[in-house]
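Work through the exercises below with the structure open. Try each task before reading its solution.

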Amino acid sequence: MKLINKLAHLFSGSPQDSSFLIDVQCGRCGEVIQARIDWNNDLSAEYGEDEREMTYYCRKVLIGKRDCYLPVEIELRFDARRNLTGKQIKGGKFVEV
Ligand SMILES: [Zn+2]
């Protein structure tokens, strides 16, 4: 119950802050795929030994609209303040804006 209250508090920001977009490029066909990461649904909270050291983890598999269907798998990590601290990708690359 304690955990649920904590999460509810963290995610009570304004609606426009509830998601963000990230662009990846398929490693086979080059299609740029835009992924919407929803803070409320796509992130898992992870706790360290010290409860204050909470981090977030997100894993998503993206498939483009062309015929290649190669799955592009992304893994994102965030600190407690939702700053991106790490990202990994398989099957493609991140498109730097
Ligand atoms: Zn592709």
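**Exercise 1. The zinc site**

Task: Find which residues coordinate the zinc ion, and state how they are spaced in sequence.

Solution. The model is a predicted one. Start at the metal. Three sulfur atoms coordinate the zinc ion: SG of Cys-26, SG of Cys-29 and SG of Cys-68. Their distances run from 2.1 to 2.3 Å. Next, read the donors along the chain. The spacing is C-x2-C-x38-C. Now place two of them. Cys-26 lies in strand S1 (residues 19–26), while Cys-68 lies in the loop between strand S4 (54–62) and strand S5 (72–78), so this pair ties together parts that are 42 residues apart in sequence. A caution on the donor count: water is not among the atoms, so sites may look incomplete.

**Exercise 2. Burial of two donors**

Task: Classify Cys-26 and Cys-68 as buried, partly exposed or exposed.

Solution. Take the cut-offs first: buried is under 20% relative accessible area, and exposed is over 50%. Cys-26 has a relative accessible area of 5%. It is therefore buried. Cys-68 has 21%. That value makes Cys-68 partly exposed.

**Exercise 3. A buried acid**

Task: Asp-38 is buried; what is the nearest side chain of opposite charge, and how far away is it?

Solution. Locate the residue: Asp-38 is in strand S2 (residues 32–38). Look for a partner of opposite charge. The nearest such side chain is Arg-36, 7.2 Å away. A salt bridge needs a nitrogen–oxygen distance within 4 Å. Asp-38 has no salt bridge. Then look for polar atoms. The backbone nitrogen of Asn-40 lies 2.8 Å from a polar atom of the Asp-38 side chain. Last, list the contacts. Leaving out residues up to four places away in sequence, Asp-38 touches Ser-18, Ser-19 and Leu-43.

**Exercise 4. Strand pairing**

Task: Which strands does S1 pair with, and how do S5 and S6 pair?

Solution. Begin with the overall layout. The protein has 1 helix and 7 strands. From the N terminus the order is α-β-β-β-β-β-β-β.

- S1 pairs with S2 in the antiparallel sense, over 7 bridges. Phe-20 stands opposite Ile-37 in S2. The hairpin of S1 and S2 has 5 residues between the strands, and Gly-30 there takes a positive phi near 85 degrees.
- S1 is also joined to strand S7 (residues 92–94) by 3 bridges, again antiparallel. Gln-25 stands opposite Lys-93 in S7.
- S5 pairs with strand S6 (residues 84–90) over 6 bridges, in the antiparallel sense. Glu-73 has Lys-90 of S6 as its bridge partner. This hairpin has 5 residues between the strands, and Arg-82 takes a positive phi near 65 degrees.

**Exercise 5. A buried residue of S1**

Task: Is Ile-22 buried or exposed, and which residues does Ile-22 touch?

Solution. Ile-22 lies in strand S1. Its relative accessibility is 12%, so Ile-22 counts as buried. Now collect the contacts, not counting residues up to four places away in sequence. Ile-22 touches Ile-33, Gln-34, Ala-35, Ile-37, Ile-74, Leu-76 and Phe-94. Check the last of these in space. Ile-22 and Phe-94 are 72 residues apart in sequence, yet 8.0 Å apart from C-alpha to C-alpha. Finish with the whole chain. Buried residues make up 25% of the 97 residues. Among contacts between residues at least 6 apart in sequence, 37% join residues at least 24 apart.

Definitions and conventions
Residues are numbered from 1 along each chain as its sequence is written. This is a predicted model: local features need pLDDT of at least 70, side-chain atom pairs count only at pLDDT 80 or more; totals for chains, interfaces and linings use all residues. Side-chain values use heavy atoms; hydrogens and water are left out. Donors are N, O and S atoms within 2.8 Å of the metal (3.2 Å for Na, K and Ca); water is not among the atoms, so sites may look incomplete. Helices (H or I, at least four residues) and strands (E, at least two) are DSSP runs, numbered from the N terminus. Buried means under 20% relative accessible area, exposed over 50%, partly exposed in between (1.4 Å probe, protein chains only). Lys and Arg count as positive and Asp and Glu as negative; His and the chain ends are not counted. A polar contact is a pair of N or O atoms within 3.5 Å; within protein, one must be able to donate a hydrogen and the other to accept it, and residues adjacent in sequence count only if both atoms are side-chain atoms. Contact means heavy atoms within 4.5 Å. Two strands pair if DSSP finds at least two bridges between them.
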